[in-house]
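This report introduces a structure to a reader who has not met it before. The sequence and the model are shown first, and the description follows under short headings.

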Amino acid sequence: MINVTHRQVTRLGTVAAAVFALAAPAHAVDFGAFGNIRYLSSSQDATTQGFMLGAFDLYASHQIGDKTHAFVEYVLEGNGNEIVTDVERLFVSRTFNDKFTLAAGRFHTP
């Protein structure tokens, strides 16, 4: 996991907002969120059981034009007594034809 500072998250959020703001108003921004909750139980010791919150993802996707797409995803995770923010994906892609798409940013390997 890569830890980023609040300033870096603010800068990335500003860049993502600028990309979304410069787009044509006819296209909508899709927002979403997902996360997980786990239940921990020990067969050895019944005192260590309960629910735990896992990662919480916030993402936005925007079709900037007919061939240009932007995506940003932030993950919030609890690490002891602090919340760690991680930029999972942040990219802009442009499709030139059915066989060639160019993308720049941080993304997961397919």
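## The salt bridge

The structure, which is a predicted model, holds 1 salt bridge. Its partners are the side chains of R89 and E73, which meet at 2.6 Å, N to O. The pair links distant parts of the chain, since R89 belongs to strand β4 and E73 to strand β3, with their positions 16 residues apart in sequence. In general terms, side chains of opposite charge can pair when their charged atoms come close.

How accessible are the two partners, R89 and E73? R89 has a relative accessibility of 23% and counts as partly exposed. E73 is buried, because its relative accessible area is 2% and the limit for a buried residue is under 20%.

## Overall architecture

The secondary structure of the protein consists of 1 helix and 5 strands. Along the sequence, these elements follow the pattern α-β-β-β-β-β. The protein has 110 residues, of which 23% count as buried.

About 8,200 Å² of the protein is exposed, and carbon and sulfur atoms supply 58% of this area. Among contacts with a separation of 6 or more, 35% are accounted for by residues 24 or more positions apart.

## The nonpolar core

Which residues make up the largest nonpolar core? The core has 5 residues, namely A60, V72, Y74, V87 and L90. Two elements give two or more residues to this core: β3 (68-79) and β4 (82-97). The strands that carry E73 and R89 are likewise β3 and β4. As a general tendency, nonpolar side chains in soluble globular proteins are buried together.

## Aromatic pairs

How many aromatic pairs does a search of the whole structure find? The search finds 5 such pairs. One of them is formed by Y59 and F71, whose rings are stacked at 6.0 Å centre to centre, with 25° between the planes. Y59 lies in strand β2 and F71 in strand β3, so this pair ties together parts that are 12 residues apart in sequence. Y59 is partly exposed at 29% relative accessibility, whereas F71 is buried, with a relative accessible area of 12%.

F91 and F107 form an aromatic pair that is edge-to-face, with 5.8 Å centre to centre and 75° between the planes. F91 is in strand β4, while F107 is in the segment after β5 (100-106), so the pair ties together parts 16 residues apart in sequence. F91 is buried, with a relative accessible area of 17%, and F107 is partly exposed at 44% relative accessibility. These four residues also belong to a cluster, in which ring pairs link F34, Y59, F71, F91 and F107.

## The nonpolar surface patch

On the surface, I37, Y39, F51 and L53 make a nonpolar patch of about 540 Å². The elements that give two or more residues to the patch are β1 (29-40) and β2 (50-63). Y39 has its place in strand β1. With a relative accessible area of 47%, Y39 is partly exposed; this value qualifies Y39 for the patch because patch residues need over 30% relative accessible area.

## Contacts between separated residues

R38 also lies in strand β1 and is partly exposed, with a relative accessible area of 45%. Leaving aside residues up to four places away in sequence, R38 touches G50, F51, M52, L53 and G54. Two of these, F51 and L53, are also members of the nonpolar patch. R38 and G50 are 12 residues apart in sequence, and their C-alpha atoms are 8.3 Å apart in space.

Where is K67 found? K67 is in the loop between β2 and β3, and it is partly exposed with a relative accessible area of 41%. Not counting residues up to four places away in sequence, K67 touches S93, R94, T95 and F96. K67 and S93 are 26 residues apart in sequence and 8.1 Å apart in space, C-alpha to C-alpha.

Technical notes: Residues numbered from 1 in each chain as written. Predicted model: local features only at pLDDT ≥ 70, side-chain atom pairs only at ≥ 80, totals over all residues. Heavy atoms only, no water. Patch = residues over 30% accessible without salt bridge, like charges linked within 9 Å, V, L, I, M, F, W, Y side chains within 5 Å. Areas by Shrake-Rupley, 256 points an atom, 1.4 Å probe, with all protein chains shown as cover. Salt bridge = Lys/Arg side-chain N within 4 Å of Asp/Glu carboxyl O. Helix = DSSP H or I, 4+ residues; strand = E, 2+ residues; numbered from the N terminus. Buried < 20%, exposed > 50% of the residue type's maximum accessible area, 1.4 Å probe, protein only. Core = buried A, V, L, I, M, F, W, Y, C linked by side-chain atoms within 4.5 Å. Phe/Tyr/Trp six-rings, centres within 6.5 Å; stacked < 30°, edge-to-face > 60°. Contact = heavy atoms within 4.5 Å.
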